Amino acid sequence: MKPRNATEVTEFFLLGFGAQQKFRYILFIVFLVIYGISMIGNVGMILLIKTDSRLQTPMYFFLQHLAFVDICYTSAITPKMLQNFIVENKSISFVGCIVQLLVYALFATNDCYLLAAMAVDRYVAICNPLRYPIVMSRTVCIQLVIGSYAIGSINASVHTGFTFSLSFCKSNIINHFFCDVPPILSLSCSSININILLLLVFVGFNLMFTVMVVIFSYIYIIGAILKMSSNSGRKKAFSTCVSHLTAVTIFYGTLCYMYLQPHSSNSEENMKVASTFYGIIIPMLNPLIYSLRNKEVKEALKVMGRKF
């Protein structure tokens, strides 16, 4: 293939999974079901929080935005992946690839900061319950959510802008099922040192900062729970954190696997599996976690069920 620069590339081809051709119809059905459950669960969670007066608290305000973010970033990649399971032409336009990466990076970053904000909310609720209505006021919650969207926008714009300003002359076949930064960088014939540095700085900061917020919040939460005199009080306080702690463990556990696994001959396929879990499975799990492990949500669901 003759060298060509980024302005001459009009489309990319998404290679997908290694066994995609052999099991494509099975994969299509499986991921279609997962995507359907994810959409129903997250839309249902948003509507439930909006309509039930008992769920008008900061925690559910953040959860409502978390559900919206999950809808957005899984929708950035799943429909195209489903399409590529059943069509021969697995191309995506240059502009389409830009949009997909921009939307995915924006909302995936938002997810990190919303989970961190929810950890702070639990910290204030348990460690400073008398000041909770003041500290976690509506204004503060809105500012935290706007901040998460702002940071997500900056992160996505920087990575997308620098990635697609490169020249692509090695190939236009992306070894992934969506447009992600690392597999796109591998196609470039330009220097990618700045791009690698930006990935280390931005991804490293976003992960380390949000992880540290979550860890320190739960250190103080656990300390406050252990100081409680009654078992019922400890149990009630911990029960308000179980859903969030479960979601955080799955979310950051997957990210650690994605970015900390040692390089091997199967690294690219392992990254695809991890990306599938992170971008498609987790958005389906979140509404299940917050509904099945949350007493208030279950009560709200029972009330809604009686209405219908």
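**View A. The bonded cysteines of the protein chain, numbered in sequence order, pair as 1-3, 2-4.** The model is predicted: local features require pLDDT of at least 70 and side-chain atom pairs pLDDT 80 or more, whereas totals for chains, interfaces and linings use all residues. Residues are numbered from 1 along each chain as its sequence is written, and side-chain values use heavy atoms, with hydrogens and water left out. A search of the whole structure yields two disulfides (cysteine sulfur atoms within 2.5 Å).

**View B. The disulfide between Cys97 and Cys179 has its sulfur atoms 1.9 Å apart.** The torsion about the S-S bond of Cys97 and Cys179 is about -120 degrees, so this disulfide is left-handed. Distant parts of the chain are linked here: Cys97 belongs to helix H3, while Cys179 sits in the loop between strand E3 (173–174) and helix H6 (181–185), 82 residues apart. Helices (H or I, at least four residues) and strands (E, at least two) are DSSP runs, numbered from the N terminus. Both Cys97 and Cys179 are buried (under 20% relative accessible area; exposed is over 50% and partly exposed in between, with a 1.4 Å probe and protein chains only).

**View C. Cys169 and Cys189 are joined by a disulfide with an S to S distance of 2.2 Å.** Cys169 occupies the loop between helix H5 (138–163) and E3, and Cys189 the loop between H6 and helix H7 (193–227), so the pair ties together parts that are 20 residues apart in sequence. With a relative accessible area of 16%, Cys169 is buried. Cys189, by contrast, has a relative accessible area of 39% and is partly exposed.

**View D. The sulfur of Cys241 is too far from the closest cysteine sulfur for a bond.** That closest sulfur is in Cys127, 8.8 Å away from the sulfur of Cys241. Cys241 counts as buried, at 1% relative accessibility. Cys112 is likewise classed as buried, with a relative accessibility of 5%.

**View E. Ring pairs connect a cluster that includes Phe31, Phe85, Tyr104 and Tyr278.** The other residues of the cluster are Phe17, Tyr73, Phe177, Phe178, Phe251 and Tyr252. Over the whole structure, 20 aromatic pairs are found. The ring centres of Phe31 and Phe85 lie 6.0 Å apart, with their planes at 20 degrees, so this pair is stacked. Phe31 is part of helix H1 (residues 24–51) and Phe85 part of helix H2, so the pair ties together parts that are 54 residues apart in sequence. Phe31 and Phe85 are buried. For Tyr104 and Tyr278, the ring centres are 6.2 Å apart and the planes stand at 80 degrees, so the pair is edge-to-face. Tyr104 belongs to helix H3 and Tyr278 to helix H9 (residues 267–292), so the two tie together parts that are 174 residues apart in sequence. Tyr104 is buried at a relative accessible area of 6%, and Tyr278 is buried at 5% relative accessibility. Rings of Phe, Tyr and Trp (its six-membered ring) pair if their centres lie within 6.5 Å; planes under 30 degrees apart are stacked, over 60 edge-to-face and the rest tilted.

**View F. Helix H1 comprises 28 residues and reaches 40 Å from its first C-alpha to its last.** This reach is close to the 40 Å expected at 1.5 Å a residue (1.5 Å times one less than the number of residues). The buried residues of H1 include Arg24, Phe31, Ile34, Tyr35, Ser38 and Met39. Also buried in H1 are Asn42, Met45, Ile46, Leu48 and Ile49.

**View G. Ala119, in helix H3, is 8.6 Å from Ile215, C-alpha to C-alpha.** In sequence, Ala119 and Ile215 are 96 residues apart. Ala119 counts as buried, with a relative accessibility of 0%.

**View H. The second largest pocket has a volume of about 480 Å³.** Its lining is made up of 18 residues, and Arg122, Lys236, Ser239, Thr240 and Glu296 lie nearest its centre. Two or more lining residues come from each of helix H2 (58–86), helix H3 (94–127), helix H8 (231–260) and helix H10 (295–307). H8 gives the largest share of this lining, five residues. By class, the lining consists of seven nonpolar, five polar and six charged residues. Ala, Val, Leu, Ile, Met, Phe, Trp, Tyr, Cys and Pro are nonpolar, Asp, Glu, Lys and Arg charged, and the others, Gly among them, polar. A pocket is an open set of points on a 1 Å grid over the protein atoms alone where a 1.4 Å probe fits, with protein on both sides within 12 Å along at least five of seven lines; lining residues have an atom within 4 Å of a point. Points are joined across faces, edges and corners, and the volume is the space filled by probe spheres set on them.
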